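Me: I'm new to reading protein models. Could you walk me through one with some questions and answers?

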Amino acid sequence: MKIVLLGPPGSGKGTQCKKIAERFSVQHLSSGDILRQERAKKTEFGKKAQSYMDSGALVPDEVIVEMMTAAMEKASTKGFVLDGFPRTINQAQKLDATLKRRGQKIDAVLNLDANEEIIVKRITGRRSCPNCGAVYHIQNMKPKIDGVCDKCGSSLVQRPDDKEEVVKNRLKTYYAQTAPVIDYYKANIVVYNIDSNKDPDEVASVMFEKLDAFSGIQR
Ligand code: AP5
């Protein structure tokens, strides 16, 4: 099963992709997480990406496409759920071309929809684990001990691009460059709009209802 999860920053893509990956045994491939790992390792990819990410701009398509193609090649044969990729029409076209060469295609596209006030509160309250990547929120999804990761015990941090002024730029970038990807997919495949303003488990159950139909074919 090959799934694309679209949605603005803070709509809950990472949170919901983890739930999809667990339920359908597919691999969660997050372009943002891979970039942050590359930055932490100070690789060429990471160095190229840093200034774009910190200002809320998109990393150039050629860097991202190469990185995500490599990640998909290594992914489990059960499939993947893409989080944060594709983010431009050019990236979506390159993804389609890569899959077509392998005789594959995207099976389902879900678009998480959340209002801007909620998005800003979610992003500015997010705390992440720099070690294992677990994500929390200071009000909505608190860790058991304040500031400490439940899973690995590391100290939680705020992402540098989660400051309010950068969040505004990320939203501008989303509307200008990523929102058109929804219509790109709508021309070829059913796109399920999911109301992501609700509680994470409610959002997940609506998504699972849509995806169960596809997973039945694969199992
Ligand atoms: P990336 O890491 O992909 O960031 P993003 O798309 O802006 O998404 P976020 O991670 O901010 O939010 P999310 O939707 O995953 O929400 P989450 O589940 O964490 O990209 C970062 C940067 O990398 C980009 O700006 C760009 O520079 C670069 N980049 C990445 N991909 C690229 C590409 N393809 N091309 C070019 N450049 C690229 O939730 C947010 C918070 O809300 C959390 O605290 C969570 O606990 C909470 N929460 C989630 N759901 C709910 C809910 N239902 N109710 C209450 N709280 C919730």
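Here are some questions and replies about confidence, helix packing and empty spaces.

Me: Before we start, what kind of model is this, and how are residues numbered?

Reply: This is a predicted model, where local features need pLDDT of at least 70, side-chain atom pairs count only at pLDDT 80 or more, and totals for chains, interfaces and linings use all residues. Side-chain values use heavy atoms, with hydrogens and water left out, and residues are numbered from 1 along each chain as its sequence is written.

Me: Where in the protein chain is confidence lowest?

Reply: pLDDT is the predictor's confidence in each residue, from 0 to 100. The protein chain has a mean of 93, and 98% of its residues reach 70 or more. Helices (H or I, at least four residues) and strands (E, at least two) are DSSP runs, numbered from the N terminus. Confidence is highest in strand E3 (residues 80-83), at 98, and lowest, at a mean of 85, in H8.

Me: Is H2 roughly parallel or roughly perpendicular to H4?

Reply: Helix H2 (residues 31-40) and helix H4 (residues 61-74) have axes 11 Å apart and pack at an angle of about 100 degrees. Axes are lines fitted to C-alpha atoms, for helices over the stretch in contact, and angles run from 0 to 180 degrees between N-to-C directions. Angles under 35 degrees count as roughly parallel, over 145 as roughly antiparallel, 65 to 115 as roughly perpendicular and the rest as oblique. So H2 is, relative to H4, roughly perpendicular.

Me: Which residues in H4 does H2 meet?

Reply: Contact means heavy atoms within 4.5 Å. From H2, the partners are Ser31, Ile34 and Leu35. On the H4 side they meet Ile64, Met67, Met68 and Ala71.

Me: How much space lies in the largest cavity?

Reply: On a 1 Å grid over the protein atoms alone, a cavity is a set of points where a 1.4 Å probe fits but cannot get out, a pocket is an open set with protein on both sides within 12 Å along at least five of seven lines, and lining residues have an atom within 4 Å of a point. Grid points are joined across faces, edges and corners, and a volume is the space filled by probe spheres set on the points. The structure has one cavity of 30 Å³ or more. The space in the largest cavity is about 60 Å³.

Me: Which element gives the largest share of the lining of the second largest pocket?

Reply: That pocket holds about 350 Å³ of space. Among its 14 lining residues, Thr15, Lys18, Val135, Met141 and Lys151 are the closest to its centre. Helix H1 (13-24), strand E6 (135-137) and helix H8 (200-218) each supply at least two lining residues. The largest share, four residues, comes from H1.
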